[in-house]
Amino acid sequence: MMASLIQSRLITDPNLLLMQEGTLIRKVRSKSWKKFRYYRLQNDGMTVWQSKQAGAYAKLTFSISDVETVRMGYDSELLRSLAEELPLEQGFTIVFHGRRPNLDLVANTVEEAQTWIRGLQLLVELVTSMDQQERLDQWLSDWFQRGDKNQDGRMSFAEVQRLLHLMNVEMDQDYALQLFKAADVSQSETLEGEEFVQFYKALTKRKEVQELFENFSSDGQKLTLLEFVDFLREEQKEQECALDLALKFIDRYEPSDSGKRRHVLSMDGFLSYLCSKDGNIFNPACLPIYQDMTQPMNHYFINSSHNTYLLGDQLRGQSSVEGYIRALKRGCRCVEVDIWDGPTGEPLVYHGHTLTSRIPFKDVVTTVAQYAFQTTDYPVIMSLENHCSWDQQRTVAQHLTEILGELLLNTALDDVPLNQLPSPERLRGKILIKGKKLTTNEEEEDEEEEDLHSELERRQGTELELDLYSETETRSVPTPELQLQVKDKMKVMKYLPTSLPSCCQTLIQPPNTNPGPVLLTKQKAKAILCPALSSLVIYLKSVSFKSFTHSTQHYYYGIASFSENKAKHLIKEAGNDFVHHNTSQLSRIYPSGLRTDSSNFNPQEFWNVGCQMVALNMQTAGLGMDICDGFFRQNGSCGYVLKPKFLRDTQSSFHPERPIQPFRTKILLIQVISGQQLPKVGNTKERSIVDPLVKVELFGIREDTSRQETNYVENNGFNPYWGETLCFHVRVPELAVLRFVVKDYDWRSRNDFIGQFTLPLSCMQQGYRHIHLLSRDGISIQPASIFVYTCIRDDLQEEDS
């Protein structure tokens, strides 16, 4: 029957056999929470259940399809912190897709740990290697297990009725019974293996696809080679090499050997093509590296993270190296590291002056070295926010040099002109440090702190105070800390070395007693930068933004940081100047300090003027991350996307608020046809069925940004039909991003999220396409999809005018 590969392994693999018997394992959540739980692999080979003890009530803990990988105990941040109490060789960590927390476990023996590690790795490998049909078979097997309530390997009609509600199907009872009897060829009044498959096929018969097939088929039974070529040319807009594509698709998707030999496509083959990657709305040609990667780094959009170490909010969230692992594995190429003095001489990473937890800087560097190039070998940028004293800055430099080794770019490239940034291609396999750099003519400001002070002064009229001396001690030398205080208790720290250089002695004259705070007006304390750390900043020197003119006159290249609010103001007031700035400089945009919940802005607005590093809180799901993930899905998910030519041209006249020639409006037509196997929303009641609608959102320049949605279909998440056409006007398609969102209509409150898919408009395939939906965390919820028809054409009215 279904999932035969996994089923065969279940009865032959010794590790899986032991896992099916169950094991008592210690579950570890924190240093203080460690409890024994009984884990057992179910007979389906796809789910692991947990109970407090053997034979007790068990509940589903996770599905194998949810597991990304399994790590040894030595690779667990939490288990390493408990190494003196729990043996690391008996520990292992189950890492899940998306933002779900890891599951840390410690077995009673090394052998038990190895049994689970090897068994889980085998199952994950089998699931990962499944093709489309095998995944569908596994999905059906999962539903069969859920519907077979008494677990006797067969389903009665009553169990089928219950299963239909679980699957989001509202169906007339007589019609359901008719399909049931037709599938029950054994006349046992139950459905077994293959009978259930036939029942499912009858249930999922696609009338809209059948009609499309018959429109091009002369006999309604098959598509000849020429008929299929006509379909590819007329509907799928495959004007070039349509004949070659038709031959390739028939060979790839036609299930019968005789059909392949005769070069014809059956209805099953046609449906298989439409549901495949070739029938996907995302153009397969845009999935590998397809862009020129030899241009200067500032000519690319760069997938960037803000406060990468945080797994939660900005005030109390957990700091963890897991934040770096997740960001790097999803293609992020710029990670942020906030470094502060540690009490033992080891620098720490955390969000200063908050209650976020702290992690050693050397652990962060080790993690970056390990995971930087697992997804792609294009360069990684470590954006340092340095708050350390002189001595601990030297420790920072030492860790970077020793741990990163040859991965660290610590000298300029001989073949790159001094007035030009290297290309991503030239920097493959290298880690670059972004930070302050000692110069002879100016000291650079910490832009994020600068904006924070400006925000506080503007909003609260607060005076900044400089306290050179400890509040608890009276002594004749200054403390190592320069502490900027504001009346609302927010603090921003700057550190000085314990021994000041002679050039700084005139800045402070230590009195015999603490004189109290010294009022500042416009003067701001400067951090003293350690030369060893400064020397590691090669190309990505943090510079203070004063004006676009100042940047042009003073920097060959540099990277300035802007808060989202400051960047929005500049876009509105000087959008074209911002475009010009980004043709030669690098810009990093970060979320407002007021986003304490780690929410995100829409990055599109800043991409519109060519800002390269638009940093998001990657731990937070939602619109911002959907757009970011969808946009960077192209070009091999390498984290670098070449900007359109008009954002690379130093003479560009482009202004996102007022685009002029040569931009001509396009008409984007999207017919939302049908949906397939949409999941239930959250923990809804068993008999609750969704009322789905589809919202289509277009993001780009302000003039292009719009949203439209279909009506909702009542009580049908299994095969809803909409048949509605939505129309969008697009002035600058090169910058447009398209987001499809399926929601469950709820008149009492906001519609509930079901799934989404986001992609650049430039990567959209026209014609009849399936959109395979993703969860809120960006994980596939296969086989859930929507079926659409898309078409882009010129706006004839604009041409006439």
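A residue counts as buried when its relative accessible area is under 20%, and that cut-off will help you through the close-ups below. Every view comes from a predicted model.

**Figure 1. V641 sits in strand β24 with a distant partner in sequence close at hand.** Strand β24 covers residues 640-642, and V641 is part of it. Its relative accessibility is 3%, so V641 counts as buried. Which residue lies 5.1 Å from V641, C-alpha to C-alpha? That residue is F301, which is 340 residues away from V641 in sequence. Setting aside residues up to four places away, V641 touches Q291, H299, Y300 and F301, and also F631, F632 and Q634.

**Figure 2. The whole chain, as background to the close-ups.** The chain holds 23 helices and 32 strands. Of its 801 residues, 55% are buried. If we take contacts with a separation of 6 or more, 68% of them join residues 24 or more positions apart. The accessible surface of the chain comes to about 36000 Å², with 48% of it belonging to carbon and sulfur atoms.

**Figure 3. Helix α13 and its buried residues.** This helix spans residues 267-274, and its buried residues are M267, G269, F270, Y273 and L274. They cover an arc of only 160° around the axis, so they are on the same side of α13. As a reminder, an α-helix has 3.6 residues a turn, so residues three or four places apart point the same way.

**Figure 4. N280 in the loop that follows α13.** Here we look at the loop between α13 and β10 (300-305), where N280 has its place. Is N280 buried or exposed? With a relative accessible area of 15%, N280 is buried. Residues up to four places away in sequence are not counted here, and N280 touches Q765, R769, H770 and H772.

**Figure 5. Helices α14 and α15 side by side, roughly parallel.** Two packed helices are described by the angle between their axes and the distance between the axes. For α14 (residues 322-329) and α15 (residues 361-371), the axes come within 9 Å and cross at roughly 25°. Angles under 35 degrees count as roughly parallel, and α14 and α15 are therefore described that way. The crossing of α14 past α15 is right-handed. Which residues meet where these helices touch? From α14 come Y324, I325, L328 and K329, and from α15 come V364, T367, V368 and Y371.

**Figure 6. S156, in the loop between α5 and α6.** The helices on either side of this loop are α5 (132-147) and α6 (157-166). With 26% relative accessibility, S156 counts as partly exposed. S156 and L191 are 35 residues apart along the chain, and their C-alpha atoms are separated by 6.7 Å. Neighbours within four places in sequence aside, the contacts of S156 are F180, E189 and T190.

**Figure 7. Q239, an exposed loop residue.** Our last stop is the loop between α10 (225-234) and α11 (242-253), where Q239 lies. How is Q239 placed with respect to solvent cover: buried or exposed? Q239 is exposed, and its relative accessible area is 53%. Between the C-alpha atoms of Q239 and V229 there are 9.6 Å, and the two residues are 10 residues apart along the chain.

Note on methods:
Residues are numbered from 1 along each chain as its sequence is written. This is a predicted model: local features need pLDDT of at least 70, side-chain atom pairs count only at pLDDT 80 or more; totals for chains, interfaces and linings use all residues. Side-chain values use heavy atoms; hydrogens and water are left out. Buried means under 20% relative accessible area, exposed over 50%, partly exposed in between (1.4 Å probe, protein chains only). Helices (H or I, at least four residues) and strands (E, at least two) are DSSP runs, numbered from the N terminus. The arc is that of the directions from the helix axis to the C-beta atoms. Contact means heavy atoms within 4.5 Å. Accessible areas come from the Shrake-Rupley method with a 1.4 Å probe; for residues, only the protein chains shown count as cover. Axes are lines fitted to C-alpha atoms, for helices over the stretch in contact, and angles run from 0 to 180 degrees between N-to-C directions. Angles under 35 degrees count as roughly parallel, over 145 as roughly antiparallel, 65 to 115 as roughly perpendicular and the rest as oblique. A crossing is left-handed if the near helix is turned anticlockwise from the far one by less than a right angle, and right-handed if clockwise.
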